[in-house]
Amino acid sequence: MSKRDLKKYLTELSKEQLEEQLIELYEKFAPVKVYYDFVFNPKEDKLLQESKVKISHEYFPIKKPNAKWRPKAKMRRSVAQKMIKHFIMLGVDPFIIADLMFYNIEIAQTYSGNNYIKQELFYKSIFNSFEQAVNFVISNGILTEFKARIETIHQETLQQKWKNKYDFEAILDKIDF
């Protein structure tokens, strides 16, 4: 069904029929419920904090009480990517989305500063996240607000001697840093 057909169909419905359909969608489909819950009660700060905690646990998992060993860091970029995609879908403020994007990179750098990482895929993945974050702030016109964090991330790649540090530098060259 095209958008035009949907509009035509909806104009033919009475107000009560429209309300019934929306309530049915709300009850039947979890994404619809999540969307409306967010629209009517957008606790963006709480959502951001919960997301940051989940991302940090990917790199610095919490030892459970009575556990004999500390859990191993999973370092899954996909966890942060899902949250970022969810934020975008909900229409969260671009500043908050960008904050989460850069936080993901910063926590990964904190981890790599304290732990040796052999997998080159880790560095490539963090670079991809960096490139996406920079493109996001440019496309939303908020680059100047994040310049300091972008530069700090770049400096950290140099300090930690990442093999792909020049890829980060190339991004900065493109945006006239």
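Residues are called exposed when their relative accessible area is over 50% and buried when it is under 20%, with partly exposed residues in between. These terms are applied below to a predicted model.

Helix H9 spans residues 165-174. On one side of H9, Tyr 166, Asp 173 and Lys 174 are exposed. The buried residues of this helix are Lys 165, Phe 168, Ile 171 and Leu 172. Viewed along the axis of H9, these buried residues fall within an arc of 120 degrees, and they therefore line one face of the helix. The buried residues of H9 pack against H7 and H8. After H9 comes Asp 176, which has a positive phi, near 55 degrees.

Part of the packing involving H9 can be followed from His 154, a residue of helix H8, which covers residues 143-159. His 154 has a relative accessibility of 5% and so counts as buried. When its neighbours within four places in sequence are left aside, His 154 is in contact with Lys 165, Phe 168, Glu 169 and Leu 172. Lys 165, Phe 168 and Leu 172 are among the buried residues of H9.

Charged side chains provide further links. Seven salt bridges are present in the structure. In one of them, Arg 149 is paired with Asp 99, with the closest N and O atoms 2.7 Å apart. Because Arg 149 belongs to helix H8 and Asp 99 to helix H6 (residues 94-114), this salt bridge ties together parts that are 50 residues apart in sequence. Arg 149 is partly exposed, with a relative accessible area of 21%, whereas Asp 99 is buried at 16%. The pair also belongs to a network of salt bridges that links Lys 52, Asp 99, Glu 106 and Arg 149.

Another salt bridge is formed by the side chains of Arg 76 and Glu 58, at an N to O distance of 2.7 Å. Arg 76 lies in the loop between helix H4 (44-59) and helix H5 (77-90), while Glu 58 is in helix H4; the two residues are 18 apart, and the pair links distant parts of the chain. Arg 76 is partly exposed, with a relative accessible area of 39%. Glu 58, in contrast, is buried, with a relative accessible area of 8%.

The side chains of Lys 163 and Glu 120 also meet in a salt bridge, at 3.9 Å from N to O. Here too, distant parts of the chain are linked: Lys 163 is in the loop between H8 and helix H9, Glu 120 is in helix H7 (residues 120-139), and 43 residues separate them. Both Lys 163 and Glu 120 are exposed.

The last site considered is Pro 94, located in helix H6. Pro 94 has a relative accessible area of 28% and is therefore partly exposed. Apart from neighbours within four places in sequence, the residues in contact with Pro 94 are Phe 136, Asn 140 and Ile 142. For Pro 94 and Ile 142, the separation in sequence is 48 residues, and the C-alpha to C-alpha distance is 8.3 Å.

Methods
Residues are numbered from 1 along each chain as its sequence is written. This is a predicted model: local features need pLDDT of at least 70, side-chain atom pairs count only at pLDDT 80 or more; totals for chains, interfaces and linings use all residues. Side-chain values use heavy atoms; hydrogens and water are left out. Helices (H or I, at least four residues) and strands (E, at least two) are DSSP runs, numbered from the N terminus. Buried means under 20% relative accessible area, exposed over 50%, partly exposed in between (1.4 Å probe, protein chains only). Contact means heavy atoms within 4.5 Å. A salt bridge is a side-chain nitrogen of Lys or Arg within 4 Å of a carboxyl oxygen of Asp or Glu. The arc is that of the directions from the helix axis to the C-beta atoms.
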